[in-house]
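Reader: I would like a close look at one part of this model, with the numbers behind each statement. Let me start with a simple count.

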Amino acid sequence: MLREEFEAITGVKVGYYFYAMVIEPMYNETPECFSKFDYCQLFTKKSIARVQNIFYDKHPEMKEEEKLK
């Protein structure tokens with residue numbers, strides 16, 4: 001699943017590094033019978049925002065690099 005697909009399904013914008021280091025690896029570990037839509041239903045807008053904030057708080061250098069893109 002691409003970041004754009006995740007954002008379209010969940011309705012939430014996510015940072016490149018957050019997606020690449022958290023969302024995508026989790027999705028890749030789900031069973032093949034688990035669709036992208038099933039996977040995205042695990043998240044709420046509030047939970048994505050909270051976890052993304054925690055991620056970038058722990059990795060401020062990535063947050064700064066996001067701003068440069």
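How many disulfides does the count come to? After that, please take me closely through helix H1, residues 3-10.

Author: This is a predicted model: local features need pLDDT of at least 70, side-chain atom pairs count only at pLDDT 80 or more, and totals for chains, interfaces and linings use all residues. Residues are numbered from 1 along each chain as its sequence is written, and side-chain values use heavy atoms, with hydrogens and water left out.

Your count first. It comes to 0 disulfides, a disulfide being a pair of cysteine sulfur atoms within 2.5 Å. Cys-33 is in none; its nearest cysteine sulfur belongs to Cys-40 and lies 15 Å away. Cys-40 is in none either, with the sulfur of Cys-33 as its nearest, at 15 Å. Their surroundings can be put in terms of relative accessible area (buried is under 20%, exposed over 50%, partly exposed in between; 1.4 Å probe, protein chains only). Cys-33 is exposed, at 70%. Cys-40 is buried, at 4%.

Now helix H1. It spans residues 3-10. Helices here are DSSP runs of H or I with at least four residues, numbered from the N terminus.

Start with the inward side. Phe-6, Glu-7 and Thr-10 are buried in H1. Seen down the helix axis, these buried residues fall within an arc of 95°, so they line one face of H1. The arc is taken from the directions that run from the helix axis to the C-beta atoms. The face turned away from this buried side carries the exposed residues Glu-4 and Ala-8. What covers the buried residues includes H2, H3 and H4. Just after H1 comes Gly-11, with a positive phi near 80°.

Glu-7 deserves its own stop. This acidic residue sits in H1, yet at 11% relative accessibility Glu-7 counts as buried. Leaving out residues up to four places away in sequence, Glu-7 touches Val-12, Lys-13 and Val-14. A contact means heavy atoms within 4.5 Å.

Glu-7 also has a charged partner. Arg-3 forms a salt bridge with Glu-7, and the closest N and O atoms are 3.5 Å apart. The term covers a side-chain nitrogen of Lys or Arg within 4 Å of a carboxyl oxygen of Asp or Glu. Arg-3 and Glu-7 are 4 residues apart in H1, which means that about one helical turn separates them. Arg-3 is partly exposed, at 25%.

Glu-5 of H1 reaches a partner elsewhere. The side chains of Glu-5 and Lys-36 meet in a salt bridge, at 2.6 Å from N to O. This pair joins distant parts of the chain, with Lys-36 in helix H3 and Glu-5 in H1, 31 residues apart. Lys-36 is partly exposed, with a relative accessible area of 27%. Glu-5 is partly exposed too, at 27%. The whole structure holds 2 salt bridges.

Phe-6 leads from H1 into the interior. Ring pairs link Phe-6 with Tyr-19, Tyr-27, Tyr-39 and Phe-43 in a cluster. Rings of Phe, Tyr and Trp (its six-membered ring) pair if their centres lie within 6.5 Å; planes under 30 degrees apart count as stacked, over 60 as edge-to-face and the rest as tilted. The whole structure has 7 aromatic pairs. One of them is Phe-55 with Tyr-56, edge-to-face at 5.1 Å centre to centre, with 75° between the planes. Phe-55 is buried, at 9%. Tyr-56 is buried as well, at 7%.

Phe-6 also belongs to the largest nonpolar core, which has 17 residues; Phe-6, Phe-18 and Tyr-39 have the most contacts inside it. Such a core is a set of buried Ala, Val, Leu, Ile, Met, Phe, Trp, Tyr and Cys residues joined through side-chain atoms within 4.5 Å. Helices H2 (16-28), H3 (36-40) and H4 (45-58) each supply at least two residues of this core. H2 gives the most, with 6 residues. Phe-18, beyond its neighbours up to four places away in sequence, touches Ile-23, Ile-48, Val-51, Gln-52, Phe-55 and Tyr-56.

Last, a span in one of the covering helices. Ser-47 has its place in H4. At 27% relative accessibility, Ser-47 counts as partly exposed. From Ser-47 to Lys-58 there are 11 residues in sequence and 17 Å in space, C-alpha to C-alpha.
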